[in-house]
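Reader: I've got this model open on my screen and I'd like a close look at one part of it. Could you walk me through the sheet and whatever sits against it?

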Amino acid sequence: MTTASTLHENSLLTTASAAAHDTPETPLPDGWLAVESLDIDAQGIARRPDGKVVFIEGALPFEHVSVNVHRKKNNWEAGTVTAVHHESSQRVRPGCPHFGLHAGACGGCKMQHLHEAAQVAIKQRVLEDNLWHLGKVKAETMMRPIEGPAWGYRHRARLSVRHVHKKGEVLIGFHERKSRYVADMQVCPVLPAHVSVMLMPLRELIFGMDARETCPQIELACGDNVTALVLRHLEPLSTDDIARLRAFGQQHGVQWWLQAKGPDTVKLLDEGGEVLSYALPEFGVTMPFKPTDFTQVNPYINRVLVMRALRLLDARANERVIDWFCGLGNFTLPIATTAGEVLGIEGSEALVARSRENLALNQAGRDRPLAPTTFAARNLFDMTPAQLVADGVADKWLVDPPREGAFALAKALADLYQNPSQREGWTPPQRIVYVSCNPATLARDAGLLVHQAGYRCVAAGVVNMFAHTAHVESMAVFELDPSRTPGDKAKEEGSA
């Protein structure tokens, strides 16, 4: 099985290959490089006269730059831009003082020097390149990108905490660029404004605590009305430290949670108060969650994402839908507002229990009840054709996997398509909406669906969930092609 990390490495080289163009008519001065495109890590891609690919941090497409190379391989090099001789028209002034290539620069964002519209265009190109070069798939339609606020959007973050004795202060933030050190962040424009202004008071709080040496992390989770902070502490907190946290929470309007060990140990500092939750008002759904539960980082984009996914799914009152990797029910419950029956499947028993609670909460008091909905826990990375048949026939699927993708699920579907005798009356879904956080694994799975499972990729497009980062979220739609049979692919390969 091809791993997500291997696909990521392959995607860098395939993107570089796709970026190749004719050598400029006028040779550049010695040592200068012409940047052709950006790769999936927001590095500029250039080529030396002998064809060797050079990945350049800080460079943008169509710029002429000088580079300090710090890594060399047989067929590629990596380095950092040292001078920009011809600047891209899409280069902009970064919106954060901690962004850049300087010593101590924050590593949380990689693309603040590139115009926001160009960032989205680059991500769309990455998606198209990955689909074609890794999956040999070309979407029939490229959908308009889903975009939203570029600043103050990050409602989830994991901030490292470190007491730096030499500086005589505590640092709280993301890691420095290409480093395990914590960046000296005083503001963070991608965090909500009320959290950004809280960074310095948080540093003062932790510095004044008895446990300043044993609190390595603060996790942020913002709901619609509640801001939660989860303090990871390696030793029991003193009475004085508990009092300091309470005073800070009252002053800044935050809800403290404590985590002594693993995620299952997370608990509220003080019971009561408003529940952490977010709403999907278009569907009349409210989703309570714990601060360590998986929820989308960008709530503005999530609302649009759910609406588009359901529009593309087009679930009808007479249809059964399976939501794979359903989590808390972010898609499952909205699907239940239009479908006839819904099954949500997730790998975690704890998340399945939470999704059932959310179903009960949202079912109560509705003018129009949600469709019959059930949830089940299943190891989706070990899916088999037999288990797929056991989960029953569904007219449509929604698939929203983690970065590893849904290889086992796609492979089981392909196996059933290739071996009709194993189906036992089971039929494949007519439509699949696949929401992805990794274009490389989406491309791999798309290749299976299109070339081995009888589907067409009718549409694909990017979702700019993480503005200013190189992270590419996307969505693809697959429809079963009734004109194809399992033997078609073999015939095509035999005639090629």
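Author: Here is a walk through the sheet, strand by strand, and then the helices beside it. Keep in mind that this is a predicted model.

Let's start with the overall layout. Seven strands make an open sheet, and their order across it is β16-β15-β14-β17-β18-β20-β19, with mixed pairing. From one strand to the next, the twist averages 15°. β16 (373-377) and β19 sit at the edges with a single partner strand each, so one side of each has no neighbour in the sheet.

Now go to β14. 5 of its 5 residues are buried, so the rest of the structure largely encloses this strand. In a regular strand, side chains alternate between the two faces of the sheet. For β14, both faces are covered: Arg320, Ile322 and Trp324 are buried on one side, and Val321 and Asp323 are buried on the other.

What about its partners? β14 pairs with strand β15 (residues 341-346) in the parallel sense, over 5 bridges. If you want a spot to click on, Ile322 has Leu343 as its bridge partner in β15. β14 also runs parallel to β17, and 4 bridges join the two. Along that pairing, Asp323 stands opposite Leu398 of β17, and Trp324 stands opposite Val399.

Over at the β19 edge, the pairing is of another sort: β19 and strand β20 (residues 473-480) are antiparallel, with 8 bridges between them. One pair to look up there is Val462, whose bridge partner in β20 is Ser474. Even though β19 (residues 455-463) is an edge strand, the strand is mostly covered, with 8 of its 9 residues buried.

Next, the helices. α6 packs on the sheet and touches β14, β17, β18, β19 and β20, and its direction makes about 160° with that of β18. α10 lies across β14, β17, β18 and β19, running at about 155° to β17.

α10 (residues 407-418) is worth a pause. At 1.5 Å a residue, its 12 residues should span 16 Å, and the end C-alpha atoms are indeed 16 Å apart, so the two agree. Its buried residues are Ala408, Leu409, Ala410, Ala412, Leu413, Ala414, Leu416 and Tyr417. Those residues pack against several elements, including β14 (320-324), β17 (396-399), β18 (431-436) and β19, and also the helices α9 (385-390) and α11 (439-452).

That brings us to α11, where you'll find Asp445. Is Asp445 buried or exposed? With a relative accessible area of 0%, Asp445 counts as buried. Its side chain reaches the backbone nitrogen of Ala406 at 2.8 Å. Leaving out residues up to four places away in sequence, Asp445 touches Gly405, Ala406, Phe407, Ala410 and Tyr434. Two of those names link back to α10: Ala410 is among the buried residues of that helix, and Phe407 falls at the start of its range, 407-418.

One last thing, the nonpolar cores. The largest has 90 residues, and Leu231, Trp256 and Ile335 touch the most other members. Helix α6 (residues 299-313) gives the most to this core, with 7 residues, and α6 is one of the helices you just saw packing on the sheet. A second, separate core has 54 residues, among them Met111, Phe325, Met383 and Ala476.

Technical notes:
Residues are numbered from 1 along each chain as its sequence is written. This is a predicted model: local features need pLDDT of at least 70, side-chain atom pairs count only at pLDDT 80 or more; totals for chains, interfaces and linings use all residues. Side-chain values use heavy atoms; hydrogens and water are left out. Buried means under 20% relative accessible area, exposed over 50%, partly exposed in between (1.4 Å probe, protein chains only). Two strands pair if DSSP finds at least two bridges between them. The expected span of a helix is 1.5 Å times one less than its number of residues. Contact means heavy atoms within 4.5 Å. A nonpolar core is a set of buried Ala, Val, Leu, Ile, Met, Phe, Trp, Tyr and Cys residues joined through side-chain atoms within 4.5 Å. Axes are lines fitted to C-alpha atoms, for helices over the stretch in contact, and angles run from 0 to 180 degrees between N-to-C directions. A polar contact is a pair of N or O atoms within 3.5 Å; within protein, one must be able to donate a hydrogen and the other to accept it, and residues adjacent in sequence count only if both atoms are side-chain atoms.
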